[in-house]
Amino acid sequence: MTTEPLWEVFIRSRRGLSHVHAGSLHAADAEMALRNARDVYTRREEGVSIWVVPASAIEASSPEEKDSFFDPAGDKGYRHPTFYHVPEGVQHL
Amino acid sequence: MTKGLTRYLLALGDDALVSSQRMAWWISRSPQIEEDIAMANLGLDQLGQARSLLAYAGEVEGNGRSEDDLAYLRDERDFLNVCLVEREQKDFGVAMVRLLMFSAWQHELYAALTGSTDLTLAGVAGKAVKETAYHLDHAEHWVLRLGDGTEESHLRMQAALDAEWPWLAELFDNSFVNEDLLLQGIAIDPASLRESVEGRIAGVIGRATLARPDVADALSRGREGRHTEQMGYLLAEMQHLARSHPEVTW
């Protein structure tokens, strides 16, 4: 039933990590979207938490704005924290 | 006693196996692709329950029959599942009403069996009780939406409920359960689940604006191995490969 609204699915794979976009699906409402997400995207123990967001609620950047949005960051190496030493044992950095 | 336990395990295992086979029919036929996957998940949960129960039944029986032997090489009269789960369900409303009934019963049953004095059975129940909680949740959400949906969906859900209701009573039939199993705390008397299961179902159908059917119980004797006409066709499909190509693997 493609008349049902589209939802974007975000999965947190384990505690301490962020929710990451996993994909999208159709569902009539938020509760069903959450259940569909559980069935479609966490079949192989991929997650401990799920968010579903109406796709219509997402404002996306446009490919036409690519130059003005992203290119200016290209030559600013001083923004990268390459002058620090990462302490041993720190994960997910 | 051994015979009684084997029979009890076969009955519960056959319920899960036959229901699983009916659930699998929905793959590629559900109202949405997301539901195809959900139905497959639910069916595979039930298949997992069936495998554990049938494997254990074979072990208790002591004649060297494996789970596959029991699933694929028994004939219709040897299957002890309730007739509720064997009948065709080519209407999505029927599938959801039946899942509501069956999972409500399975959930109460497995919750009680987690306290079984048979530790293998308690272990199987401990795993299954989480699965059936989700099955029940899934069925409940669909019954609510379709029952309290459009005029058309409401009419079809009421028809589905009326058609399934007569087959509910057999879930509470305790004539096949050996009394020693009850005395020793191994098995659960299905009749003792009736109030809680019917209460749970009644709560959902009430919220779904559906009426509790006023219909007589069907003459349902699956626990004695006496099945409806559709059972033979189900077994033919389910067992064909294993019987035509013995020992086949892939």
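# A tour of chains A and B

Select B:R145 and A:D29: the two form a salt bridge, and their closest N and O atoms are 2.7 Å apart. Keep in mind throughout that this is a predicted model.

**Stop 1: around B:R145**

Leave B:R145 on screen and add A:E31. These two residues also form a salt bridge, with 2.7 Å between the closest N and O atoms. This pair crosses between chains: A:E31 sits in helix α1 of chain A, and B:R145 sits in helix α6 of chain B, which covers residues 119-147. A:E31 is partly exposed, because its relative accessibility is 42%. Now show A:D29, A:E31 and B:R145 together; salt bridges with shared partners join them into one network.

**Stop 2: where the chains meet**

Colour the two chains separately and select the residues of each that touch the other. How many residues of chain A are in contact with chain B? There are 13 on chain A, in contact with 14 residues of chain B. The area buried between the two chains is about 1400 Å², and carbon and sulfur atoms give 46% of that area. Between chain A and chain B there are 3 salt bridges. The count of residue pairs in polar contact between these chains is 11, with both residues at pLDDT 80 or more.

Next, hide chain B and look at the side of chain A that touches it. Two elements of chain A, β2 (19-26) and α1 (30-41), each supply at least two residues of this side. Which element gives the most? It is α1(A), with 7 residues. Sorted by class, this side of chain A has 4 nonpolar, 2 polar and 7 charged residues.

**Stop 3: B:A38**

Bring chain B back and select B:A38, which is in helix α2 of chain B, residues 33-61. Is B:A38 buried or exposed? B:A38 is buried, because its relative accessible area is 0%. Leaving aside residues up to four places away in sequence, B:A38 touches A:D39 and B:H138. For a distance along the way, pick the C-alpha atoms of B:A38 and B:H135: they are 9.5 Å from each other, while the two residues are 97 apart along the chain.

**Stop 4: B:R74**

Move to B:R74, in the loop between α3 (67-72) and α4 (83-86) of chain B. B:R74 counts as buried, because its relative accessibility is 2%, and the cut-off for buried is under 20%. Follow the side chain of B:R74 to the backbone oxygen of B:D78, which it reaches at 3.0 Å. Then show the residues that B:R74 touches, again without those up to four places away in sequence; among them are B:L10, B:D14, B:L54, B:Q239 and B:R243.

**Stop 5: helix α5 of chain B**

Select α5(B), a helix of 22 residues. From its first C-alpha to its last, α5(B) reaches 30 Å, close to the 32 Å expected at 1.5 Å a residue. Why is α5(B) described as largely enclosed by the rest of the structure? Because 20 of its 22 residues are buried.

Go to the start of α5(B) and show B:D91. A side-chain oxygen of B:D91 comes to within 2.8 Å of the backbone nitrogen of B:G93.

**Stop 6: two salt bridges within chain B**

Stay on B:D91 and add B:R156; their side chains meet in a salt bridge, 3.1 Å from N to O. This pair links distant parts of the chain, since B:D91 is in the loop between α4 and α5 (92-113), B:R156 is in helix α7 (residues 151-164), and the two are 65 residues apart. Both ends are partly exposed: B:D91 has a relative accessibility of 23%, and B:R156 has a relative accessible area of 45%.

Now select B:R200 and B:E108, which form a salt bridge with 3.4 Å between the closest N and O atoms. B:R200 is in helix α9 (residues 194-207) of chain B and B:E108 is in helix α5 of chain B, so the pair ties together parts 92 residues apart in sequence. B:R200 is partly exposed, with a relative accessible area of 35%. B:E108, at 19% relative accessibility, counts as buried.

To finish, show the salt bridges of the whole structure: a search finds 21 over all chains.

Definitions and conventions: Residues numbered from 1 in each chain as written. Chains lettered and ligands numbered in written order. Predicted model: local features only at pLDDT ≥ 70, side-chain atom pairs only at ≥ 80, totals over all residues. Heavy atoms only, no water. Helix = DSSP H or I, 4+ residues; strand = E, 2+ residues; numbered from the N terminus. Buried < 20%, exposed > 50% of the residue type's maximum accessible area, 1.4 Å probe, protein only. Contact = heavy atoms within 4.5 Å. Buried area = accessible area lost by both parts, 1.4 Å probe. Salt bridge = Lys/Arg side-chain N within 4 Å of Asp/Glu carboxyl O. Polar contact = N/O pair within 3.5 Å; in protein donor to acceptor, adjacent residues only side chain to side chain. Nonpolar A, V, L, I, M, F, W, Y, C, P; charged D, E, K, R; others polar. Expected span 1.5 Å × (residues − 1).
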